[in-house]
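Please read the points below with the sequence and the model side by side, and turn to each place in the structure as it is mentioned.

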Amino acid sequence: MTTSEMIKKVMEIVEEGDYSVYWVRTCNKDYRVGDICDNSYVWDDGDWTDEELNGVCCTGLPMFPEESDVKKCLKYHIRDKEMFGFQNCYYPGSHTYLIGGHSVEYGTDSGEYIIPNGTVICVLK
């Protein structure tokens, strides 16, 4: 799926509105649509700890996103030089997912959110 197709797909899903919140997650775990994501863990100054969070960490979309909001969010997850130019893809991993949920907590990092029982609603990459 191209980045443009991803943006279009995300917009279609969000417009259907089956979830209260929509977020993007990149990781190495192989999920399928309908899977509940594993909870994330606390990191302390760049070091992983065994303290489990109350959900999965994701980066968020606004409540009623425009196409430009989706593009901005995906910029941090998808390496696409043609779409984004030179960029620093912050989230390593071989898979990128659109996650749906019904509640959200703030994460430690800027733009990071924790989604309890985050559900995979689309495999983007």
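1. Before anything else, please keep in mind that the model shown here is a predicted one. Every point that follows should be read with this in view.

2. On the overall make-up, the chain contains three helices together with eight strands. If you follow the elements from the N terminus on, they come in the order α-β-β-β-β-α-α-β-β-β-β, and I would suggest tracing this order in the picture before going on to the details.

3. On burial and surface, 38% of the chain's 125 residues count as buried. The chain exposes about 7,700 Å², and carbon and sulfur atoms supply 47% of that exposed area.

4. On how the chain folds back on itself, consider those contacts that link residues at least 6 apart in sequence: 65% of them join residues that are at least 24 apart.

5. Strand 4 deserves a careful look. Why can strand 4 be described as largely enclosed by the rest of the structure? The strand covers residues 56-60, and four of these five residues are buried, so the description follows from the burial of its residues. A residue is called buried here when its relative accessible area is under 20%.

6. Which strands pair with strand 4? One of them is strand 1, made up of residues 21-27, which runs antiparallel to strand 4 and is joined to it by two bridges. Another is strand 7, with residues 112-115, which also pairs with strand 4 in the antiparallel sense, in this case over four bridges.

7. Thr59 is a useful residue for seeing both pairings at once. Within strand 4, Thr59 is the bridge partner of Val24, while in strand 7 the bridge partner of Thr59 is Glu112. Finding these three residues in the picture should help you to place strand 4 with respect to strand 1 and strand 7.

8. On charged side chains, the count of salt bridges comes to two. In one, the side chains of Asp38 and Lys29 meet at 2.8 Å, N to O. Asp38 is partly exposed, with a relative accessible area of 41%, and Lys29 is likewise partly exposed, at 40%. Both values fall in the partly exposed class because that class lies between under 20%, which is buried, and over 50%, which is exposed.

9. In the other salt bridge, the side chains of Arg32 and Asp30 meet at 4.0 Å, N to O. Are these two residues buried or exposed? Arg32 is exposed, and Asp30 is exposed as well.

Technical notes:
Residues numbered from 1 in each chain as written. Predicted model: local features only at pLDDT ≥ 70, side-chain atom pairs only at ≥ 80, totals over all residues. Heavy atoms only, no water. Buried < 20%, exposed > 50% of the residue type's maximum accessible area, 1.4 Å probe, protein only. Contact = heavy atoms within 4.5 Å. Areas by Shrake-Rupley, 256 points an atom, 1.4 Å probe, with all protein chains shown as cover. Pairing = 2+ DSSP bridges.
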